[in-house]
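Colleague: I would be grateful for a close look at one part of this protein, namely a sheet and whatever packs upon it. Please describe it strand by strand, and then place it in the setting of the rest of the chain.

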Amino acid sequence: MKRFFQLIGVLAGLLIVTMAFNTITFQSSDSKEFENIQVELANDGIAERLAGAIRIPTVSHQQVQDIDYPSFLTLHRYIDENFPRVRQSLQKNVINEYSLLYKWQGSDPNQQPVLLLSHMDVVPVVAGSESRWEYPPFSGEIADGYIWGRGTLDNKQGVFAILEAVEDLLAKGHQPERTHYLAFGHDEEIGGSQGAGKIAEYLKSKDVNAIYALDEGGFITNGDQFGLPGKVAMVNISEKGIVNLKLTVTGKGGHSSMPPAETAASILSQAVVKVSANKLPINTDPVKKMLESVAGELPLHQRIVAANFGLLKPFVAYFAERIPMLNVFVRTTTAPTMLQGSPKSNVLPTEAFAIVNHRIIPGETAESVKAFITKIIDDDRVSVEFSGGFGNPSEVASVDSMGFRTIRKTIKQVSPTDPIIITGLLPAATDTRHYGDVSEDAYRFIYAEINMDENRFHGTNERIKVESYLEAVKFFVQLIKNSDAAGSDAG
Ligand SMILES: [Zn+2]
């Protein structure tokens, strides 16, 4: 999204005058009405407890036989030992052996519950990169003001900040009105179907319908990355889906010395060219929503574009062809990735295939993408089939809901930097998408301040500032409190 808002500035120059009316009547949902709140934490040892969890290598591998499942049970025991009040007061459910679901019963059964989500697994350390870690990846070292190691960002910090917040509130004798579910999957990094997928199935079987869910997928960073002043907090409201389409052409084979007019390879090539040349249609809605949520804090010329983004479709289409970053946010993308013909230079192929990877924008589905591609190719000799696992895009969460208002208010109250809150579309997948049936609105945000220039998610020297982590705990303490009062005063 780098340069995204600069681009918005360029578009502004094109259309400044005709749009004054929309701009004047445009409602901003952001403002500075919330005072900072000092949350005092009851317990010591918060950073040390996360560091201890980092030392338990709960690594997800693409090949499931490589996964050390007992390490997840070690982590379960570690949580039991370190959060005695959670153990006493919450109902714990182990789902599918390795995932955890806690229920903190609220005092008012008539209020819809809240879902706080995170995952316990981490990605492997890239072989050969170990020596580049300043502290070993599973050392959980606390040094230079940071907690170091795999999972400090993605996403044991989420699991432990939530547990710390609940332990803190229990120590203070707090009883929430709403029931809170804490759900920690064990396989997010390899798709989440065995963890979050099973937790969501279980919740559905219990008729749980949460008022909102909060998971990873956004963070606090420098505004200049977006052409915005100060800090920004990205609260993502949707994520793209994925589908692989396999285009296959069969041929008669034979020797290449006497070829027919067309071979399976040449027919396939024409199909790939058509698919590449005919992009899926532009959909400006996700970007429009994103701009609406931030417009109040934009400079005037950017605000004009934000207010009129729907009218800019022709320009958006033009720029999307030239700026991949914009393209990602306004359409289902098309990327031919694999091609195969015959195995030998002098053999005509009996089969040629291509894989085209699509990232699906909300509003479309794997089926609709397949139908579009089949129509574009318009050739009976080319079969179009799904290839491998796919997922549809998530629902788009509301920016005018109790959940969004509560998250936004809590960020503003807890953060000393008063970040601008922007919403957006996540081009990657998280566990959140599994919870569509059990939550009205799902948001993607972790309370962590991250400099995008040194984005270390899945990277070397993954670390989190101790100070930022303590703020994350305060964020959840305040979020749980605000979720009770939110129905009336989240503004
Ligand atoms: Zn993650």
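**The four-stranded sheet and its surroundings**

Modeller: Strands β10 and β12 pair in the antiparallel sense, and 10 bridges hold the pairing. One position in this pairing is Gly 241, which stands opposite Ile 360 in β12. Please bear in mind that the model is a predicted one.

The other neighbour of β10 is β13, again antiparallel, with 4 bridges between the two strands. Here Leu 245 has Phe 386 of β13 as its bridge partner. Strand β12, which covers residues 351-360, is also joined to β11 by 7 bridges, and these two strands run antiparallel. Put together, the 4 strands make an open sheet in the order β11-β12-β10-β13, with antiparallel pairing. At its edges are β11 (333-340) and β13 (383-386), each of which pairs on one side only. From one strand to the next the twist averages 25 degrees.

Two helices pack on this sheet. Helix α8, residues 264-277, touches β10 (241-250), β11 and β12, and its direction makes about 150 degrees with that of β10. Helix α13, residues 366-377, touches β10, β12 and β13, and its direction makes about 165 degrees with that of β13.

A single residue of the edge strand gives a more detailed view. Thr 334 is found in β11 and stands opposite His 358 in β12. Because its relative accessibility is 17%, Thr 334 counts as buried, the cut-off being under 20%. Leaving aside neighbours within four places in sequence, Thr 334 is in contact with Val 275, Leu 280, Val 356, Asn 357 and His 358.

The loop between β10 and α8 offers a contrast in exposure. Ser 257 has its place in that loop, and it counts as exposed because its relative accessible area is 60%. Between the C-alpha atoms of Ser 257 and Glu 440, which are 183 residues apart along the chain, the separation is 63 Å.

The nonpolar cores come next. The largest has 75 residues, of which Phe 160 and Leu 214 touch the most other members. Apart from that core lies another, of 21 residues, with Val 249, Ile 267, Leu 280 and Val 356 among them. Two of these names have already appeared, since Leu 280 and Val 356 are among the contacts of Thr 334. In the largest core, Phe 160 touches Arg 49, Leu 50, Ala 53, Leu 75, Tyr 78, Ile 79, Phe 83 and Tyr 469, when residues up to four places away in sequence are not counted.

Some of those contacts lead to helix α3. Of the 9 residues of this helix (residues 46-54), 8 are buried, so α3 is largely enclosed by the rest of the structure. The buried residues are Ile 46, Ala 47, Arg 49, Leu 50, Ala 51, Gly 52, Ala 53 and Ile 54.

Helix α3 also belongs to the surroundings of another sheet. In this open sheet 3 strands follow the order β4-β5-β16, with antiparallel pairing. Strands β4 (142-143) and β16 (463-465) stand at the edges with a single partner strand each, so one side of each is left without a neighbour in the sheet. Between β4 and β5, which run antiparallel, there are 2 bridges, and Ala 143 has Tyr 146 in β5 as its bridge partner. Helix α3 packs on this sheet, touching β4, β5 and β16, and its direction makes about 15 degrees with that of β5. As for the distance back to the edge strand described above, the C-alpha atoms of Thr 334 and Tyr 146 are separated by 40 Å, with their positions 188 residues apart along the chain.

Finally, there is the metal site. The zinc ion has as its protein donors His 119 (NE2), Asp 154 (OD), Glu 216 (OE) and Glu 216 (OE), which lie 1.9 to 2.4 Å from it. The angles among the 4 donor atoms run from 56 to 147 degrees, and the site is irregular. Along the chain the donors follow the spacing H-x34-D-x61-E. Asp 154, in the loop between β5 (146-148) and α6 (156-171), and Glu 216, in the loop between β7 (212-215) and β8 (220-222), link distant parts of the chain, being 62 residues apart. Asp 154 counts as buried because its relative accessibility is 6%, and Glu 216 counts as buried at 6%.

How values were computed: Residues are numbered from 1 along each chain as its sequence is written. This is a predicted model: local features need pLDDT of at least 70, side-chain atom pairs count only at pLDDT 80 or more; totals for chains, interfaces and linings use all residues. Side-chain values use heavy atoms; hydrogens and water are left out. Two strands pair if DSSP finds at least two bridges between them. Axes are lines fitted to C-alpha atoms, for helices over the stretch in contact, and angles run from 0 to 180 degrees between N-to-C directions. Contact means heavy atoms within 4.5 Å. Donors are N, O and S atoms within 2.8 Å of the metal (3.2 Å for Na, K and Ca); water is not among the atoms, so sites may look incomplete. Four donors count as tetrahedral if all angles lie between 85 and 135 degrees; four count as square planar and six as octahedral if opposite donors are over 155 degrees apart and all others between 65 and 115; anything else is irregular. Buried means under 20% relative accessible area, exposed over 50%, partly exposed in between (1.4 Å probe, protein chains only). A nonpolar core is a set of buried Ala, Val, Leu, Ile, Met, Phe, Trp, Tyr and Cys residues joined through side-chain atoms within 4.5 Å.
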